[in-house]
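Welcome to a short tour of the spaces and strands in a protein model. Please keep the 3D view open as you read, and turn it as each site comes up.

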Amino acid sequence: MAEKRTRTVCTGCHQRCGAVVYSEGNRIVRIEGDKNSPYSKGAFCGSGITQRYIHEDENRVIYPLKRVGKRGEGKWERISWDEALDLLESNTKRICQEYGPESVLVSQGTSRTSNDWGQRLKSTIGNPGWNLSPLHVCLIPNIMPHALTLGAGQMQGADVARAKTIVLWGINPISILSEVKAIQKNVDENGAKVIVVDPRFTDMANTADLFLQLRPGTDGALLLGIMHVIIEEGLYDADFIREWTYGFDELKEMLQEWTPEKTSEVTWVPAELIVEAARMMGGEKPTTIYPMLGPSCMHSNAVQSGRALTCLTVLLGPVDVPGGFVYIPGSGPVTDPELTLIPADYDFNAPYSKLIGKEDHPAFAAFGNSNVPYDTFEAVITQKPWPVKMIVFVANDALNCYEAPQKVAEALASPNLEFIAVKDFYLTPTAQMADLVLPSADWSERDTVDEEMFKGLIISSPRAVDPPGECWDDWKFYLEWGKRLNPELWPWKDEREMVLWRIKLYHGIELTWDEYVERAYIPTPAAQGALEFEKYKTGKLRPDGQPGFNTATGKLEFLCPVMPAFGYEPLPVYHEPKESPLSAPEVAKDYPLVLTAGFRLYSFFHSAWTNVPGQRELYPYPFALVHPTDAAKAGIVDGDWMEVSSPRGAIKAKAKVSYEIMEGVVALPRPGWRSACKELGLPGYDWEDVCINVLIPGGGDTTDPGFGTAPMRSTLCAIRKMEE
């Protein structure tokens with residue numbers, strides 16, 4: 001049989017690396033990185049290569065399944081897709097009629113293929129927005145400070161390829177191969193300096209010029225201390241600050257108390273390193289800061305820490321220059337009103353918008369466009385502020401995803417929740433509680449991808465093989481479900497028509513399917529814009545075409561007048577984490593160690609793929625990083641099973657005793673090891689036993705005030721040795 005070569009895109013994470021899949025018939029023979037990809041340039045990780053195994057895995061759900069026993073009993077009946085859609089249609093219409101559309105929720109996890117179509121489906125039901133998603137601990141607490149301070153609705157804008165100083169703040173991009181290659185090339189060829197800020201001694205810290213190891217949750221304080229030194233020593237562009245920023249004098253006054261000595265006391269970073277970092281950032285310019293979820297997405301002080309980080313970005317300006325912070329044209333198209341059916345002026349904080357938790361967390365409603373997760377599961381139980389009767393989980397194992405999964409489990413078991421559907425690859429813990437389980441196609445098996453534009457290019461993503469059984473692409477699922485509810489809003493024949501329509505809508509390019517596939521890397525009008533710099537001087541960052549930035553004042557905002565509307569101070573004020581040795585000394589008596597949970601592992605993405613041999617063999621057991629001093633106090637040696645506990649509960653993990661983590665801190669990685677791997681003879685574990693979120697508080701005053709962000713990376717814990 002002739003071997004077929006398909007160039008496509010991997011969506012195993014958010015990096016969109018180019019992939020070349022070789023297949024015979026419907027069997028994947030091998031997978032390589034696409035050397036012609038202008039983004040990844042041939043880089044490809046082991047996780048992507050294991051797609052071959054996932055495609056053929058006999059444990060996948062490959063047909064629709066209907067529950068026939070009690071909920072959670074594990075008894076299923078195979079049904080057709082027509083029967084499955086009948087169940088979805090009838091329950092959606094019945095519950096909407098009896099209780100209102102706000103009683104039907106569609107929940108997504110880290111969706112990497114169908115963000116905008118999911119929103120269109122929710123608008124079709126009559127309940128616009130994301131409905132239910134982990135955005136409160138994901139991208140949006142990072143994007144919000146960028147939007148309000150910089151006028152940039154984008155995750156980050158670090159130009160690591162051309163910076164003289166690269167600051168990796170709360171991110172270990174060793175698994176983002178394309179970024180690591182760009183950083184290393186800059187270091188080797190141009191002598192760029194690298195600063196790493198992290199509670200863990202990461203791979204990148206090993207070769208960095210400077211490593212700042214801070215107490216989890218004190219990022220905001222460290223940022224203020226660094227800005228104090230930069231201003232005191234005049235390491236900023238006074239002309240740029242005077243002409244293009246707002247609130248500098250107020251910031252300068254606030255920073256007076258944040259001396260290196262005070263900052264050191266709060267953060268545990270030596271004062272001399274704080275000064276050295278400030279001088280390197282302010283002296284070796286352009287400087288670019290590359291943050292991810294670490295500093296501003298998983299803390300009770302998340303948003304203001306993010307604000308402090310963006311204010312440092314401004315202070316190190318000018319911005320939008322090679323090697324600095326770069327504005328990315330065309331970012332954020334997944335909110336286009338014509339596709340999502342959400343009017344551009346729709347106010348998610350208005351009374352007509354039915355979002356649970358918006359009164360207590362208005363920033364999450366405004367920027368996340370979603371119900372607050374913890375409050376939503378509480379609403380299932382209490383039926384207040386209104387009944388929640390139906391949830392459809394798409395690529396979302398809620399029991400391994402959200403803080404306080406004890407509350408999620410209570411909600412899923414509640415008779416108040418009349419219908420649960422899950423669309424996923426496997427019978428996850430959440431799927432086992434469902435009434436209907438639907439099979440999903442993975443990246444090598446589908447023709448679709450969102451977040452498809454890189455460096456001004458659309459990279460096409462045709463399928464390499466057909467999905468097993470009756471697995472459906474999420475786009476097809478939304479299309480067919482949408483047709484059942486309102487066919488006029490879903491006029492497309494199939495997913496390929498949807499892809500071409502979407503490209504025309506977002507990028508103004510009209511293509512046939514063959515053109516889309518054959519051209520592979522398609523320039524967009526934004527391609528030219530991606531090569532331009534200092535766009536704020538020519539009016540290309542504002543809707544009105546005037547010079548400046550798309551902020552309330554038209555300038556970069558140290559003092560942001562919009563922040564008080566969401567319950568925050570206008571300046572980036574530091575607040576101690578709500579559960580820490582300083583803020584909760586009584587709790588710290590029993591739980592003396594700082595817990596940071598959720599750092600990434602190379603072979604997994606979130607809680608997925610612990611059943612895949614090629615990924616599981618690198619990390620066979622759940623584990624936690626413990627400093628040798630803390631381990632010795634507890635009588636723990638490397639490899640011991642230990643209990644990690646918090647005021648919320650306890651889980652087990654194997655001790656990895658290492659100087660990788662600082663003394664006084666325990667670090668737990670992201671996955672839940674939920675699935676057994678029979679090929680390696682390794683067990684799976686119940687979420688109650690190993691899910692890190694069991695330790696994390698949810699709701700009330702434990703979270704970020706305006707956003708509801710859970711402190712997954714800065715709370716308290718204790719450890720003890722477990723008997724074998």
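When linings are sorted by class here, Ala, Val, Leu, Ile, Met, Phe, Trp, Tyr, Cys and Pro count as nonpolar, Asp, Glu, Lys and Arg as charged, and the others, Gly among them, as polar. Keep in mind that the model is predicted.

**An open pocket**

With that sorting in hand, let us begin at the second largest pocket, whose lining is made up of 10 nonpolar, six polar and five charged residues. The space in this pocket comes to about 390 Å³. Its lining has 21 residues, and those closest to the centre are L427, P429, Q432, R674 and S675.

**Enclosed cavities**

Now for the closed spaces. How many cavities of 30 Å³ or more does the count give? The count comes to six. The largest cavity has a volume of about 70 Å³. Two helices, α1 (46–49) and α2 (51–56), are the elements that give two or more residues to the lining of the largest cavity. To find this cavity in your viewer, select C10, G12, S47, G48, T50, Q51, I54, D442, W443, W609 and Q615, which line it. By class, this lining holds four nonpolar residues, six polar and one charged.

The second largest cavity, at about 60 Å³, is bordered by T287, T288, I289, T313, L316, G317, P318, V319, G324 and F325. Which strand gives the most to this lining? That is β11 (residues 287–291), with three residues. The lining of the second largest cavity has five nonpolar and five polar residues, and no charged ones.

Here are the two cavities and the pocket side by side:

| Space | Volume | Lining by class |
|---|---|---|
| Largest cavity | about 70 Å³ | four nonpolar, six polar, one charged |
| Second largest cavity | about 60 Å³ | five nonpolar, five polar, no charged |
| Second largest pocket | about 390 Å³ | 10 nonpolar, six polar, five charged |

**A strand barrel**

Finally, turn to the strands. Strands of a sheet pair through backbone hydrogen bonds, either parallel or antiparallel. In this model, six strands form a closed barrel in the order β19-β23-β20-β22-β21-β24, and the pairing is mixed. From one strand to the next, the twist averages 45°.

One pair in the barrel is worth a look on screen. Strand β19 (residues 593–599) runs parallel to strand β23 (residues 665–669), and five bridges join the two. Where does V594 find its bridge partner in β23? The partner is V665.

How values were computed. Residues numbered from 1 in each chain as written. Predicted model: local features only at pLDDT ≥ 70, side-chain atom pairs only at ≥ 80, totals over all residues. Heavy atoms only, no water. 1 Å grid on protein atoms, 1.4 Å probe; cavity = no way out; pocket = protein on both sides within 12 Å on 5 of 7 lines; lining within 4 Å. Points joined across faces, edges and corners; volume = space filled by probe spheres on them. Pairing = 2+ DSSP bridges. Helix = DSSP H or I, 4+ residues; strand = E, 2+ residues; numbered from the N terminus. Axes fitted to C-alpha atoms, helices over the stretch in contact; angles between N-to-C directions.
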